[in-house]
Amino acid sequence: MEPARHSCVQCPLLACPGLNSPSEDRRRLIDEFKMGEIALDRGGQAVIQGVRSAHVYTVLDGVLIRYRLLDDGRRQIINFLFPGDLIGLQSALDESMTHGVEALTEARLCAFPRDRFRDFITRFSDLSYDLIWLAAKEEAALEEHLVALGQRNARERIAYLALFLVERAEATCRTDGPHRLNLTVTQSQIADMLGLSLVHTNRSLQVLRREGLVTWSLNTIEIPDMDAVRQYVQFDYAAKRKRPYF
């Protein structure tokens, strides 16, 4: 653990428009429960598949990916994690992780003791409700990803993913201008997430750029007209309520 840490009472995430912060009293209690913070470089592992983590984490800064490894080394990216998201909840239920979590950017995580996390949450009905709400929304996000894989064509899948990432970034203070996210995502990673070949991914990105819907380079995702892309992929994340966090 690193000695330097942020106070939960003055949490940097308080300013994020898409996050619903705990009350000041709750933040004081969370600050007392918090063990510290860890910093990850790009590519650093927060949790490892098949291992029970000693901690539960909240993302304080950065973007990470949740992924599943197959026995032959192939990898499926399951989701992207942004500030306020929980990591390691399976370990809090005394189970080994069925997935790994890797930093896509430099990241900082708040660490909480796994063995006392369940007792801490169950002491407060509002925190328990928030945890259930987050689990339900994670399930809804995975449903939307399945719809993208099963029903959307390649261009729609990529446009949907870009929209999802930019809207989550806007909600968590991660954008670098109007509807613009600086994030290094390779075409191979896009293909991993969406079940596409590299050739199909490249061609689809070119079409989306020509049509003025999505400009996705190695380091930047930019959507000139968010409403046009929402209509294009029939997806409206903006209608969701603010996400609670710990």
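**Exercise 1. The pocket lining**

Sort the residues of the lining of the largest pocket in this predicted model into nonpolar, polar and charged: how many fall in each class?

*Solution.* Start with the tally: 11 are nonpolar, four are polar and six are charged. For the class borders, keep in mind that Tyr and Cys go with the nonpolar residues, while Gly goes with the polar ones. Now for the space itself: the largest pocket has a volume of about 460 Å³. Next, look towards its centre, where Arg 66, Leu 86, Leu 89, His 99 and Glu 138 are the closest of the 21 lining residues. Then ask which elements bring two or more residues to this lining: they are β5 (64–69), β6 (75–81), β7 (86–87), α2 (89–92) and α4 (125–151). Finish with the top contributor, α4, which gives five residues, the largest share of the lining.

**Exercise 2. The enclosed space**

Find how many cavities of 30 Å³ or more the whole structure holds, and work out which residues are closest to the centre of the largest cavity.

*Solution.* First, the search: it turns up one cavity at that cut-off. The largest cavity holds about 100 Å³ of space. Step in to its centre, and among the 16 lining residues the closest are Cys 8, Cys 11, Cys 110, Tyr 245 and Phe 246. Now sort the lining of the largest cavity: 11 nonpolar residues, three polar and two charged. Last, trace the elements: α1, β4 (55–61) and β9 each put at least two residues into this lining.

**Exercise 3. Helix α1**

Which residues of helix α1 (residues 24–33) are buried, and why do they sit on the same side of α1?

*Solution.* Pick residues under 20% relative accessible area, and in α1 you get Arg 27, Ile 30 and Phe 33. Then look at their directions around the axis: they cover an arc of only 120°, so they end up on the same side of α1. Turn to the other side of α1 and you meet Asp 25 and Glu 32, both exposed. Now check what lies over the buried residues of α1: the cover includes β9 (107–113) and α3 (114–122).

**Exercise 4. Strand β2 and its partner**

Take strand β2 (residues 36–40): how many of its residues are buried, and how many bridges join β2 to β9?

*Solution.* Count along the strand first: four of the five residues of β2 are buried, which leaves the strand mostly covered. Then follow the pairing: β2 and β9 run antiparallel, with five bridges between them. To pin down the register, use Glu 37, which faces Cys 110 in β9. You've met Cys 110 already, as one of the residues closest to the centre of the largest cavity.

**Exercise 5. The three-stranded sheet**

What is the strand order in the open sheet of three strands, and which are its edge strands?

*Solution.* Read across the sheet: the order is β10-β12-β11, and the pairing is antiparallel. Look for strands that pair on one side only, and you land on β10 (180–182) and β11 (215–216) as the edges. Zoom in on β11: two bridges link it to β12 (residues 220–222). Within that pair, Thr 215 stands opposite Glu 222.

**Exercise 6. Helix α8**

Which residues of helix α8 (residues 226–233) are buried, and what do they pack against?

*Solution.* The buried set is Met 226, Val 229, Arg 230 and Val 233. Sight down the axis of α8: these residues fall within an arc of 105°, so they line one face of the helix. Asp 227 and Gln 231, on the other side of α8, are exposed. The partner for the buried residues of α8 is α5 (154–171).

Notes: Residues are numbered from 1 along each chain as its sequence is written. This is a predicted model: local features need pLDDT of at least 70, side-chain atom pairs count only at pLDDT 80 or more; totals for chains, interfaces and linings use all residues. Side-chain values use heavy atoms; hydrogens and water are left out. On a 1 Å grid over the protein atoms alone, a cavity is a set of points where a 1.4 Å probe fits but cannot get out, and a pocket is an open set with protein on both sides within 12 Å along at least five of seven lines; lining residues have an atom within 4 Å of a point. Grid points are joined across faces, edges and corners, and a volume is the space filled by probe spheres set on the points. Buried means under 20% relative accessible area, exposed over 50%, partly exposed in between (1.4 Å probe, protein chains only). The arc is that of the directions from the helix axis to the C-beta atoms. Contact means heavy atoms within 4.5 Å. Two strands pair if DSSP finds at least two bridges between them.
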